[in-house]
Amino acid sequence: AHISPAMGFVFAFYIVFTSLALMNIVTGVFVETALQRGREDKDVYMINHLKDLFGVLDENHNGTISWLELEEHLDDPKLIA
């Protein structure tokens, strides 16, 4: 039951390679989840910003923005940006 030292190195390489591959997969899942949440946060921020902007533009609060209401706010930096 003698095991060759070369097979010990092969087995050690296999263990190291498998461990690194598994860590790479786990890291990829975490990174992908973080990127997805970042996109969702960006979308939520944009929606809230647009709601605030449209609320400012709709001065009479009737749910629509008339051409006159829009013209009055064309110099507003929020609208330009």
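Q: In this predicted model, what makes the nonpolar surface patch?
A: Four side chains do: Met46, Leu50, Phe54 and Ile65 make a patch of about 330 Å².

Q: Why does Ile65 qualify for a patch, and why is Ile65 called partly exposed?
A: Patch residues need over 30% relative accessible area, and Ile65 has 33%, so that cut-off is passed. Partly exposed covers what lies between 20% and 50%, so 33% earns Ile65 that label. You'll find Ile65 in the loop between α1 (5–57) and α2 (67–72).

Q: How do you know that the span of α1 agrees with what a helix should give?
A: Take 1.5 Å a residue: the 53 residues of α1 should span 78 Å. The end C-alpha atoms of α1 are 78 Å apart, so the two agree.

Q: What makes Ser4 a cap for α1?
A: A side-chain oxygen of Ser4 sits 3.2 Å from the backbone nitrogen of Ala6, at the N-terminal end of α1. A polar contact has to be within 3.5 Å, so 3.2 Å fits.

Q: Why are Phe13 and Phe17 called a stacked pair?
A: Their ring centres are 6.2 Å apart, within the 6.5 Å limit, so they pair. The planes are 25° apart, and under 30 degrees counts as stacked, so the name fits. Phe13 and Phe17 are 4 residues apart in helix α1, which means about one helical turn separates them.

Q: Why is His61 called exposed, and what is its phi?
A: Exposed means over 50%, and His61 has 65%, so the label holds. Phi of His61 is near 55°, a positive value in a residue other than glycine. Most residues other than glycine have a negative phi.

Key. Residues numbered from 1 in each chain as written. Predicted model: local features only at pLDDT ≥ 70, side-chain atom pairs only at ≥ 80, totals over all residues. Heavy atoms only, no water. Patch = residues over 30% accessible without salt bridge, like charges linked within 9 Å, V, L, I, M, F, W, Y side chains within 5 Å. Areas by Shrake-Rupley, 256 points an atom, 1.4 Å probe, with all protein chains shown as cover. Helix = DSSP H or I, 4+ residues; strand = E, 2+ residues; numbered from the N terminus. Buried < 20%, exposed > 50% of the residue type's maximum accessible area, 1.4 Å probe, protein only. Expected span 1.5 Å × (residues − 1). Polar contact = N/O pair within 3.5 Å; in protein donor to acceptor, adjacent residues only side chain to side chain. Phe/Tyr/Trp six-rings, centres within 6.5 Å; stacked < 30°, edge-to-face > 60°.
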